[in-house]
Amino acid sequence: MACLSDESWVSLPKMLSERLSLRGDRDEEEKKSFIDSKTTQYRLEKVFPVYAMGISRSDSDCAGLVGNSGDPVADPIWDAVKEEAKLEAEKEPILSSFLYASILSHNCLEQALGFVLANRLQNPTLLATQLMDIFCDVILHDTGIQRSIRLDMQAFKDRDPACLSYCSVLLYLKGYHSLQVHRVAHALWSQGRKVLALALQSRISEVFGVDIHPAAKIGEGILLDHGTGVVIGETAVVGNRVSLMHGVTLGGTGKEVGDRHPKVGEGALIGASATILGNIKIGKGAMVAAGSLVLKDIPPHSMVAGIPAKVIGCVAEQDPSLTMKHDATKEFFQHVAANSKDGRSTGAQDREKNDEGNLIRDVARLKAQISFANANAKAIPGL
């Protein structure tokens with residue numbers, strides 16, 4: 001991250017005083033105002049280098065957010081983010097500079113998101129200024145991503161009970177951050193800029209603990225709850241309105257190449273630490289219980305659980321990902337338990353019948369052997 005060196009920072013008062021000495025016609029009030037404004041600028045540059053160096057885009061860079069008539073399109077999500085940031089700045093003055101640099105100084109959600117992502121992913125060799133240029137260039141020229149970042153934010157706000165506000169999604173939730181960086185990486189991958197896309201994937205994995213291949217196709221309105229440990233392979237496809245809990249793996253089954261990863265249908269709910277392997281289909285509206293190992297296709301609107309996963313029932317909701325109900329009703333489990341008990345009872349009865357039949361046959365065989373032995377004994381002289 002570019003910023004002033006310590007030597008430059010120490011020499012600032014001398015620089016300012018020398019500059020002021022050349023303007024003796026100004027009164028003391030103007031001098032004080034000048035010093036305060038310049039000092040504020042340098043301090044801002046030291047603390048928030050991306051914003052202070054003029055990377056903040058102009059209104060014209062948000063020109064993509066207009067309707068067919070040329071009039072600006074209402075953006076309620078961005079309006080909500082700004083209002084929440086203002087309220088948070090009033091409640092926590094210590095965060096006011098952070099909130100201003102991250103949200104209030106920008107003209108649209110795309111710019112603010114680019115700033116936040118750049119500062120989270122930057123390192124000594126991949127500067128925040130460079131990353132922000134990349135993010136803004138891709139997002140501001142891709143209406144699909146512009147739509148997705150808003151639908152994703154709404155998904156986090158609606159489905160995560162721990163999410164306090166739209167503002168908190170933008171600033172703090174790494175599941176949201178990793179998902180949006182993937183969208184940029186996927187766009188770069190599609191443009192043939194695969195090295196840069198893989199570099200972003202690597203940074204996502206290092207910073208957020210989420211590993212999504214840039215070639216993976218992910219729909220909109222997605223929730224990566226917590227995000228930690230999520231792995232999505234190269235040829236995986238995730239439909240719209242899907243919710244993925246932490247630790248979910250959409251992986252392959254070996255060293256084969258080609259289409260080898262799962263395809264998750266719209267509205268599916270994948271529980272924590274579920275592992276789905278191979279080029280299989282998870283039907284629309286299906287629910288995979290936490291900790292399950294899925295190796296075969298799952299029918300739409302079905303509930304699966306276990307290792308390996310088996311269908312244990314049906315899902316009443318059209319999109320279980322929206323309700324986030326990971327458990328079934330009491331009546332459902334009573335029904336499953338009763339069927340399981342009946343199955344075990346029937347099996348035990350069958351085994352008893354089989355055992356009884358085997359015993360009868362064994363006794364008859366033994367009697368026959370005894371009779372045969374007696375007959376042979378009588379036939380031998382001297383016995």
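Let me begin with R260, which is buried, at a relative accessible area of 18%. The cut-off for that label is 20%, so R260 counts as buried with its 18%. I should say at once that the structure before you is a predicted model.

R260 forms a salt bridge with E234, and the closest N and O atoms are 2.9 Å apart. R260 sits in the loop between β7 (249-251) and β8 (263-264), whereas E234 sits in the loop between β4 (231-232) and β5 (237-238), so the contact ties together parts that are 26 residues apart in sequence. E234, at 27% relative accessibility, counts as partly exposed.

That bridge is one of 11 salt bridges in the structure. Let me take others in turn. Salt bridges that share partners join D75, E110 and R150 into one network.

Next, I turn to R183 and D152. Their side chains meet in a salt bridge, at 2.8 Å from N to O. This pair links distant parts of the chain, with R183 in helix α11 and D152 in helix α9, 31 residues apart. Are these two residues buried or exposed? Both R183 and D152 are buried.

The bridge between K82 and D79 is set within a single helix. The closest N and O atoms of K82 and D79 are 3.9 Å apart, and the salt-bridge cut-off is 4 Å. Both residues lie in helix α5 (residues 76-91), 3 residues apart, which is about one turn of the helix. K82 is partly exposed, with a relative accessible area of 26%, and D79 is likewise partly exposed, at 40%.

I now come to the aromatic residues. A pair of rings is described by the distance of the centres and the angle of the planes. How many aromatic pairs does the structure hold? There are 2.

For F98 and Y172, the ring centres are 6.4 Å apart and the planes stand at 25°, so this pair is stacked. It links distant parts of the chain: F98 belongs to helix α6 (residues 96-104) and Y172 to helix α10 (residues 166-172), with their positions 74 residues apart in the numbering. As for accessibility, F98 is partly exposed at 29%, and Y172 is partly exposed at 44%.

F156 and Y176 form an aromatic pair of the edge-to-face kind, with 5.7 Å from centre to centre and 85° between the planes. Here F156 lies in helix α9 (residues 143-159) and Y176 in helix α11 (residues 174-190), 20 residues apart, and the pair again links distant parts of the chain. F156 is buried, with a relative accessible area of 1%, and Y176 is buried as well, with 0%. Helices α9 and α11 are therefore joined by this aromatic pair and by the R183 to D152 salt bridge, a conclusion that rests on how helices are assigned.

One further ring deserves mention. K157 lies over the face of Y166, at 5.6 Å from the ring centre.

Finally, a word on confidence. The chain averages a pLDDT of 80, and 67% of the residues score at least 70. Among the elements of the chain, α11 has the highest mean pLDDT, 97, and helix α4 (residues 49-55) the lowest, 39. Over residues 1-26 the pLDDT is below 50, and this stretch has 32 contacts in the model beyond near neighbours in sequence. Residues 37-57 also have a pLDDT below 50, with 46 contacts counted in that way.

Definitions and conventions
Residues are numbered from 1 along each chain as its sequence is written. Side-chain values use heavy atoms; hydrogens and water are left out. Rings of Phe, Tyr and Trp (its six-membered ring) pair if their centres lie within 6.5 Å; planes under 30 degrees apart count as stacked, over 60 as edge-to-face and the rest as tilted. Helices (H or I, at least four residues) and strands (E, at least two) are DSSP runs, numbered from the N terminus. Buried means under 20% relative accessible area, exposed over 50%, partly exposed in between (1.4 Å probe, protein chains only). A charge sits over a ring if NZ of Lys or CZ of Arg is within 6 Å of the ring centre and within 35 degrees of the ring normal. pLDDT is the predictor's confidence in each residue, from 0 to 100. Contact means heavy atoms within 4.5 Å.
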